[in-house]
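I opened this one to look at helix packing, enclosed space and odd backbone spots. My notes follow in the order I looked things up.

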Amino acid sequence: MNKDIATPSRTKEILQKYGFSFKKSLGQNFLTEPNILQKIVATAEIDEQTNVIEVGPGIGALTEHLARAAHQVLAFEIDDRLIPVLADTLSPYDNIKVVHNDILKVDLNQETTYFDQKGPIKVVANLPYYITTPIMMHILESKLAVDEMVVMMQREVADRISAKPGTKAYGSLSIAVQYYMEATTAFIVPKTVFIPQPNVDSAILRLVRREKPAVEVTNETEFFKLTKSAFVLRRKTLWNNLLNTYGKDEAVKNWLETSLQQAEIDPKRRGETLSLAEFARLSNALEANKQK
């Protein structure tokens with residue numbers, strides 16, 4: 001077995017060898033605790049049937065643990081300085097493909113033709129803090145059949161994603177992710193096990209794809225527009241936020257009033273008190289009452 005990349009001494013050795021300096025703009029924090037990496041792989045229940053997508057492999061610390069357990073690993077790295085490092089650190093493994101590209105710009109359905117057998121596809125990654133949400137939404141909206149995501153992110157973002165209605169953390173992000181996936185926080189990762197040390201603790205979030213979306217909506221685009229609009233001004237009522245988004249002329253007000261009545265939702269409530277099912281009811285009523 002090769003010596004783990006993720007030990008503090010080996011990480012420092014690799015960084016020195018390549019004269020690597022961290023770019024704050026890329027949110028680079030490298031994990032230096034192999035036990036946590038093993039725990040991530042175990043949480044994702046990866047075996048030799050599993051195909052894995054990784055985002056931001058860094059120097060390959062998590063990548064090698066994934067390669068040992070999975071059938072194949074497809075890793076996306078944006079930083080060109082890390083491509084030669086990865087070619088070196090991951091040279092013992094023949095089941096990894098590193099794509100030098102921005103995950104937000106690739107066609108995931110095209111890229112995953114790399115996988116040579118039909119197995120479950122899972123996303124396992126230590127996501128860059130500054131771009132966690134766009135990456136997750138890009139993967140969810142790509143229509144790629146991702147069965148599960150086990151991703152590390154700032155603890156506060158994990159709390160927002162798994163939040164329930166009526167809590168301070170609940171918002172349009174909670175709804176967007178929970179529409180597709182069931183979200184649970186698997187465990188917390190202390191900030192002390194990273195180089196450089198971030199300011200906050202991280203959380204490992206486990207997201208399992210639902211067989212079908214959590215609620216039935218007649219127009220997905222409008223459903224997400226509605227849920228976003230409900231949280232634009234958190235302290236305002238649902239009614240104020242809807243007027244803010246859809247407009248204030250009489251025809252629009254009538255349309256909103258009729259739809260709210262049909263969905264049996266009090267316009268004086270705040271967006272954070274509405275469940276996914278209530279948002280779906282309102283979205284469907286708005287759609288049904290649209291002026292043709």
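**Around α9**

I started with helix α9 (residues 220–229) and helix α12, which pack at an angle of about 120° with their axes 9 Å apart. An angle from 115 to 145 degrees is in the oblique range, so I logged α9 as oblique to α12. I also noted that the crossing of α9 with α12 is right-handed. I should say here that this is a predicted model.

Which residues make the contact? From α9 I found E222, F223, L226 and T227. From α12 I listed L276, F279, A280, L282, S283, L286 and E287. Sorted by class, the contact of α9 with α12 has seven nonpolar, two polar and two charged residues.

Next I checked α9 against helix α10 (residues 238–246), where the packing angle is about 125° and the axes are 9 Å apart. That makes α9 oblique to α10. On the α9 side I wrote down E222, K225, L226 and S229; they meet N241, L242, T245 and Y246 of α10. I counted this contact by class as three nonpolar, three polar and two charged residues. E222 and L226 of α9 appear in the contact with α12 and again in the contact with α10.

**The cavity**

How many cavities of 30 Å³ or more does the structure hold? I found one. The largest cavity has a volume of about 50 Å³. Its lining is made up of E222, Y246, W255, S283, L286, E287 and K290. I recognised some of these from the entries above: E222, S283, L286 and E287 belong to the contact of α9 with α12, and Y246 is on the α10 side of the contact with α9. Helix α12 (residues 276–288) gives the largest share of the cavity lining, three residues. By class I have three nonpolar, one polar and three charged residues there.

**The pocket**

I then turned to open space. The largest pocket holds about 440 Å³. I got 33 lining residues, and those closest to the pocket centre are V55, G56, P57, N126 and P128. Which elements each supply at least two residues of the lining? I noted β1 (30–31), β2 (51–55), α3 (61–69) and β3 (72–77). The class count for the pocket lining is 22 nonpolar, eight polar and three charged residues.

**α6 and α8**

Back to helix pairs. Helix α6 (residues 132–141) packs on helix α8 (residues 172–180) at about 30°, with the axes 11 Å apart. Roughly parallel means under 35 degrees, so α6 is roughly parallel to α8. I logged the α6 and α8 crossing as left-handed. T133, M136, M137, L140 and E141 of α6 make the contact with L173, A176, V177 and Y180 of α8. The class split for α6 with α8 is seven nonpolar, one polar and one charged.

**Backbone oddities**

Last, I scanned the backbone. Most residues other than glycine have a negative phi, and most peptide bonds are trans. I flagged two exceptions. The bond from I195 to P196 is cis, with omega near -20°. I placed P196 in the loop between β8 (194–195) and β9 (202–209). E45 has a positive phi, near 50°, and is not a glycine. I found E45 in the loop between α2 (34–43) and β2.

Note on methods:
Residues are numbered from 1 along each chain as its sequence is written. This is a predicted model: local features need pLDDT of at least 70, side-chain atom pairs count only at pLDDT 80 or more; totals for chains, interfaces and linings use all residues. Side-chain values use heavy atoms; hydrogens and water are left out. On a 1 Å grid over the protein atoms alone, a cavity is a set of points where a 1.4 Å probe fits but cannot get out, and a pocket is an open set with protein on both sides within 12 Å along at least five of seven lines; lining residues have an atom within 4 Å of a point. Grid points are joined across faces, edges and corners, and a volume is the space filled by probe spheres set on the points. Helices (H or I, at least four residues) and strands (E, at least two) are DSSP runs, numbered from the N terminus. Ala, Val, Leu, Ile, Met, Phe, Trp, Tyr, Cys and Pro count as nonpolar, Asp, Glu, Lys and Arg as charged, and the others, Gly among them, as polar. Axes are lines fitted to C-alpha atoms, for helices over the stretch in contact, and angles run from 0 to 180 degrees between N-to-C directions. Angles under 35 degrees count as roughly parallel, over 145 as roughly antiparallel, 65 to 115 as roughly perpendicular and the rest as oblique. A crossing is left-handed if the near helix is turned anticlockwise from the far one by less than a right angle, and right-handed if clockwise. Contact means heavy atoms within 4.5 Å.
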